[in-house]
Amino acid sequence: KLQKIGIEALKQVTKRYARKQNRWVKNRFLSRPGTSVPPVYGLEVSDVSKWEESVLEPALEIVRSFIQGHKPAATPVKMPGSETENKRSYHMCELCDRIIIGDREWAAHMKSKSHLHQLKKRRRLDSDAVTTVESQSVSPDHDKELKEKESLGQNDKELKASI
C-alpha cells in the first residue's frame, strides 16, 4: 500500500515537472525566439511502446542533419500567429522614453512592470496638477484680488456719479 502511494506521488510530481519544462521551452524558445535560439522540434512521446520509432530515430535524424550541415526533414514547431506579426515595426513609448522594435516586444512592454509604474506615476502627477489648479483658483490671494477689483469698480462708479 505504501509503495502504491509512493508511485502515485512520483507520477504526479513527474507530470508537474514535465508541464513546467514544456512551459519553459514554450516561453524561452517559442514565444519570443531571438536570433540565437535554435529551431525546436516536437516529437510524439505519448506511446512508450513506440519510443524508438517515434522519438529516438527522428531525434537522431535531426541531430545528424545539423551535424552534416543540412536542413532536417522534420519541420520545427511554430507558435500560432507568429507569421502575422511585424518583427521590424517601430514603436516609441513617450511615457518611458524608449524605442521598441517589434509588435510582440511592444505588447510585452505595454504589460511590463516598468511601463505600468510610469503610467501610474503619470496619472498621479496629472491628478496632483488638477488638484493644484483647483486649489489655486479658490486661494485667499485670489479672493483678495477679486475684492480689490470690486472696490476699484465702486470707486469708479462713485467718481462717475460725482461728475
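L60 is found in helix α2, where helices are DSSP runs of H or I with at least four residues, strands are DSSP runs of E with at least two, and both are numbered from the N terminus. At 39% relative accessibility, L60 counts as partly exposed; this class lies between buried, under 20% relative accessible area, and exposed, over 50%, as determined with a 1.4 Å probe and protein chains only. Together with L43, V45, W51 and L56, L60 forms a nonpolar patch on the surface, and the accessible area of these residues together is about 420 Å². Patches consist of residues with over 30% relative accessible area and no salt bridge, with nonpolar side chains (Val, Leu, Ile, Met, Phe, Trp, Tyr) joined within 5 Å and like charges within 9 Å. A salt bridge, in turn, is a side-chain nitrogen of Lys or Arg within 4 Å of a carboxyl oxygen of Asp or Glu. Accessible areas were obtained by the Shrake-Rupley method with a 1.4 Å probe, and for residues only the protein chains shown count as cover.

The model is predicted, so that local features need pLDDT of at least 70 and side-chain atom pairs count only at pLDDT 80 or more, whereas totals for chains, interfaces and linings use all residues. Residues are numbered from 1 along each chain as its sequence is written, and side-chain values use heavy atoms, with hydrogens and water left out.

The chain contains five helices and two strands, which follow the order α-α-β-β-α-α-α from the N terminus on. Of the 163 residues in the chain, 13% are buried. The accessible surface of the chain is about 14200 Å², and carbon and sulfur atoms account for 57% of this area. Among contacts (heavy atoms within 4.5 Å) with a separation of 6 or more, 26% involve residues 24 or more positions apart.

One aromatic pair is present in the structure. The partners are Y41 and F66, in an edge-to-face arrangement with 6.2 Å from centre to centre and 70° between the planes. The pair ties together parts that are 25 residues apart in sequence, because Y41 lies in the loop between α1 (2-31) and α2 (51-68), while F66 belongs to helix α2. Rings of Phe, Tyr and Trp (its six-membered ring) are paired if their centres lie within 6.5 Å; planes under 30 degrees apart are stacked, those over 60 are edge-to-face, and the rest are tilted. Y41 is buried, at 17% relative accessible area, whereas F66 is partly exposed, at 45%.

The loop between β1 (90-93) and β2 (98-101) contains D97. This residue has a positive phi of about 55° although it is not a glycine. In general, most residues other than glycine have a negative phi. D97 is exposed, with 62% relative accessibility.

The number of disulfides is zero, a disulfide being a pair of cysteine sulfur atoms within 2.5 Å. The sulfur of C93 has its closest cysteine sulfur in C96, at 3.7 Å, which is too far for a bond. Both cysteines are buried: C93 has a relative accessible area of 3%, and C96 has 18%.

Helix α4 (residues 113-137) includes K121, which is partly exposed at 39% relative accessible area. K121 and L95 are separated by 26 residues in sequence and by 9.8 Å in space, C-alpha to C-alpha.
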